[in-house]
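Work through these short exercises with the sequence and the 3D view side by side. Try each task before you read its solution.

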Amino acid sequence: MHLSELFGQEAAVEALRRALEAETLSGAYLFIGQNGVGKGAVARAFSQAAMCLQPQHIPFDSCGVCDSCRRFDNGTHPELMTVAPAGEQIQIWQLWTREGRPARGILSDTLNYSPLLGKRRVYLIEQAETLNESAANSLLKVLEEPPPYAVFILLAPHPARVLPTIVSRSQMVRLNAVPVAELTAYLQTVHTIEPDRAGMLASYSEGRVGQAVQMANTVAVGEEIGRILDFAETLAQSPRTRALRLAEQLRKQAAQVKALAGNMAEASESGDEESTSKEKVGRKQYAAVFDVLTVFYRDLLALRIATTGTPPIVNRDRAAPMLRIAAMQEPAHWMRCLDSLLLARRRLYA
């Protein structure tokens, strides 16, 4: 993907283009933004432009045809090095070679050598918030005085989750979610998604472009949302005496959530309900269920307080049954339900 193809991050892209054009790149960048907002896409488009041998100008972008760009597009560029967590953390041996470890450190083998194929050597550190203490501290000297041909790009959801000494050595680039209406229009025009589904994906992704596109390209997402909404309709109409049974049903719903929780590999695997109901359920799975339920109850509240016509709800294909359910309770009841869901969502990561 080229810089010109990115959507919704115009301010960040323009700042990066100015630095590329003026040859004033920082040695280290920290891309900050919610998961799914598009940090990875921006980082890779920026990397390709920084490595390009014959960049185009006005506006600055990668050419797409030089040897560096071709290798980049094919995913075979040896001078773009990506570091991801080994398990739950990024370990020091992934960066610097340590005897007895399963692989050689990327920096040990490459940092002292200028690039041969591209203009720069780029190190892309995903989930920089997972750097363990020794790995993070080992980067400080490098980030402060990197070789002139090296650019480090670190990705993290929030600066507070990254070692302050790394933050102080990096130029921060903030990436934000876009308005739902703009993302809906983008999904319709660029990805040819029909209006109702585009609006649903934009709402469920909360304006995060990368998340919305990933959801649009994954069939399992729609299936999982449908199952949760079926449960939501039952939940909204059930008496309190069924609370314990409903809680177990919610756990089973969360156990079956793969695509919405970001695990596309597991989402592609089949499994019967009995097996998934026994799986360990993680925070991301519960969070995904709570997010869908929150949107559902917001729709119920909107339908209940509407004075004329049908308000602009997310789950338009379920408007008829939801209108009937909404009329069963006063608005204050649906507000209390929303408050409870939001509190449960916050406590997942408390």
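**Exercise 1.** How many helices and how many strands does the secondary structure of the protein come to?

*Solution.* Start with what you are looking at: a predicted model. Now count the elements. There are 17 helices and five strands. Next, take the extent of the C-alpha trace. Along its principal axes it spans about 70 × 50 × 35 Å.

**Exercise 2.** What percentage of the 350 residues in the protein is buried?

*Solution.* Use the cut-off first: buried means under 20% relative accessible area. Of the 350 residues, 49% are buried. Then turn to the surface. The protein exposes about 17800 Å². Carbon and sulfur atoms supply 51% of that area.

**Exercise 3.** How many positive and negative side chains does the protein have, and how far apart do the centres of the two sets lie?

*Solution.* Count each set. The protein has 38 positive side chains and 37 negative ones. Then compare the centres. They lie 5 Å apart.

**Exercise 4.** Is Gln171 buried, exposed or partly exposed?

*Solution.* Locate the residue: Gln171 is in strand E5, residues 171-174. Read its relative accessible area, which is 38%. Partly exposed lies between 20% and 50%. Gln171 therefore counts as partly exposed.

**Exercise 5.** Which residues does Gln171 touch, not counting those up to four places away in sequence?

*Solution.* List the partners: Ser26, Ala28, Tyr29 and Leu30. Now take Leu30. Leu30 and Gln171 are 141 residues apart along the chain. Their C-alpha atoms are separated by 5.9 Å. Finally, look at the whole protein. Among contacts between residues at least 6 apart in sequence, 69% join residues at least 24 apart.

Conventions: Residues are numbered from 1 along each chain as its sequence is written. This is a predicted model: local features need pLDDT of at least 70, side-chain atom pairs count only at pLDDT 80 or more; totals for chains, interfaces and linings use all residues. Side-chain values use heavy atoms; hydrogens and water are left out. Helices (H or I, at least four residues) and strands (E, at least two) are DSSP runs, numbered from the N terminus. Buried means under 20% relative accessible area, exposed over 50%, partly exposed in between (1.4 Å probe, protein chains only). Contact means heavy atoms within 4.5 Å. Accessible areas come from the Shrake-Rupley method with a 1.4 Å probe; for residues, only the protein chains shown count as cover. Lys and Arg count as positive and Asp and Glu as negative; His and the chain ends are not counted. The place of a charge is taken as NZ of Lys, CZ of Arg, CG of Asp or CD of Glu.
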